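Here are a few exercises to work through with the model open beside you. Try each task before you read its solution.

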Amino acid sequence: METASKSPKKTDAVLTQGCFHPDHEEVIRYFENNQVYAVQIESCLSCAGGCRYCYASAKDPISARLPAATINRILHEISDSGAKAIDWLGGDPLMREDWYELAGTAQDLGLINNIWTSGIPLADPVIAQQVVEVTAGGFVSVHLDSLDEEIYGSLHTGDPHQKIKSILRGVENLLKAGKHPGDIINCIAFTRPLTGNDVERTIRYFSDKGIRTCLTQICMAGLGKEHPEWVPSEPQIRYAISIRDRVNYPASNLSMSSMDVNKFYCGGTVCITVEGDVTPCSVIRQGFGNVNHLSFEEIVNMHRSELLFLPLREDNRGDRCSGCKNHPVCWGCRATAYYTTADLMAGDPNCRVMERNNDEKSY
């Protein structure tokens, strides 16, 4: 097995673009200092996307939205803590009537806004223009799993033709409003219906526009627990990973493997759920403190090790992860590890180096 070098070349695309945040060097500095760079705020559960596998949704949710007063308070706490960015999540954050004002408050506090949306609200050119305005210096992620209406319809409620059309129109509206394609991302939640040519077709469609793909893995959380049949096999996951890498990062010899972002993003980001729980990741629903009871900074200081995965930063753990050639940018998807083993620091079973044949070069 190859021994991982301490750091990849600074020009490597998986390093510079896999952070998603435009200022990757600052993201890495925060990571190396064990600091929170970005905070994901799950502002509401409302969403026009209708994903049948949504990790954040449940049939009887305790809360449907995070109150505006709470968001405004924690934005000030986040700014005071030294964090730099807000990742607005849902549901779809653009479904809130006050999303623009909340993002404006974050911007006034010197925070960079990133928005993760279904993409459907962006079909309104006014909303797209506002999104471009408040995400200056940040990125926007839309969510289109498939261009195939039949496949898309199997994974989402509602009219697949209209939804796909709206998302694609929304992307065009972002571009027309001046958003650089390199700061737009399409998120694909990888499920068994997308395996093979379908996922490649979608990735290449957006790549032709200069837009990268965020390839997430379905987890047994929220509505996803109702569809274990949609979990792809390890060979199917490895194939999808190989397509993402080949199309998005053709000059790189490194891979984020089954992660959707590199470890610098993952290890410098925490999430505040719609119920106020602070978690290591939006998909990981295990909370470490709640902003309704403690300040954001108090929670991070008390649970920094779990929230930022500090044990994974050791290169001498003696496991396959630390010996992998991709370790400089990857440590396996923490959500997949958690829902498979109940251990945040466990190995990711979907990672290609976990294959029995231990062949790191094949998918």
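**Exercise 1. Find which residues of helix α3 are buried, and what they pack against.**

Start with the burial list: T70, I71, I74, L75, E77 and I78 of α3 are buried. Keep in mind that you're looking at a predicted model.

Next, look at what surrounds them. The buried residues of α3 pack against strands β1 (38-42), β2 (85-89) and β7 (269-272), and also against helices α4 and α11 (296-307).

Now check the helix's length. α3 has 14 residues, and its first and last C-alpha atoms lie 20 Å apart, close to the 20 Å expected at 1.5 Å a residue.

Finally, step off the end: G82 follows α3, and its phi is positive, near 100°.

**Exercise 2. Work out how α3 sits against α4.**

Two packed helices are described by the angle between their axes and the distance between the axes. So get those two values to begin with.

The axes of α3 (residues 68-81) and α4 (residues 99-108) come within 10 Å and cross at roughly 15°. Angles under 35 degrees count as roughly parallel, so α3 is roughly parallel to α4. The crossing of the pair is right-handed.

Then find who touches whom. On the α3 side you'll see A68, I71, N72 and L75, and they meet L102, T105 and A106 of α4. Sorted by class, this contact has five nonpolar residues, two polar ones and no charged ones.

**Exercise 3. Do the same for α4 and α5.**

Here the axes are 10 Å apart and the packing angle is about 15°. That makes α4 roughly parallel to α5. What about the hand? The crossing of α4 and α5 is left-handed.

From α4, the contact uses W99, Y100, A103 and Q107, while α5 brings I127, Q130, V131, E133 and V134. By class, that gives six nonpolar, two polar and one charged residues.

**Exercise 4. Place T135 and decide whether it is buried or exposed.**

First locate T135: it's in the loop between α5 (125-134) and β4 (140-143).

Next comes accessibility. The relative accessible area of T135 is 0%, and buried means under 20%, so T135 is buried.

Last, name the neighbours. Leaving out residues up to four places away in sequence, T135 touches N113, I115, V140 and K179.

**Exercise 5. Test the length of α9, then follow A240 inside it.**

Begin with the helix. α9 (residues 234-248) has 15 residues, so at 1.5 Å a residue it should span 21 Å; its end C-alpha atoms are 21 Å apart, which agrees.

Many of its residues can be ticked off as buried, among them I237, R238, A240, I241 and D245. What covers the buried residues of α9 includes β5 (184-190), α8 (197-207) and β6 (212-217).

Now zoom in on A240, which belongs to α9. Its relative accessibility is 0%, so A240 counts as buried. Apart from residues up to four places away in sequence, A240 touches F190, V199 and L215. A240 and S258 are 18 residues apart in sequence, with their C-alpha atoms 9.1 Å apart in space.

**Exercise 6. Zoom out to the chain.**

How many helices and strands are there in the chain? Count 13 helices and eight strands. For burial, 57% of the 363 residues of the chain count as buried. For contacts, take those between residues at least 6 apart in sequence: 74% of them join residues at least 24 apart.

Conventions: Residues numbered from 1 in each chain as written. Predicted model: local features only at pLDDT ≥ 70, side-chain atom pairs only at ≥ 80, totals over all residues. Heavy atoms only, no water. Helix = DSSP H or I, 4+ residues; strand = E, 2+ residues; numbered from the N terminus. Expected span 1.5 Å × (residues − 1). Buried < 20%, exposed > 50% of the residue type's maximum accessible area, 1.4 Å probe, protein only. Contact = heavy atoms within 4.5 Å. Axes fitted to C-alpha atoms, helices over the stretch in contact; angles between N-to-C directions. Parallel < 35°, antiparallel > 145°, perpendicular 65-115°, else oblique. Left-handed = near helix turned anticlockwise from the far one by under 90°. Nonpolar A, V, L, I, M, F, W, Y, C, P; charged D, E, K, R; others polar.
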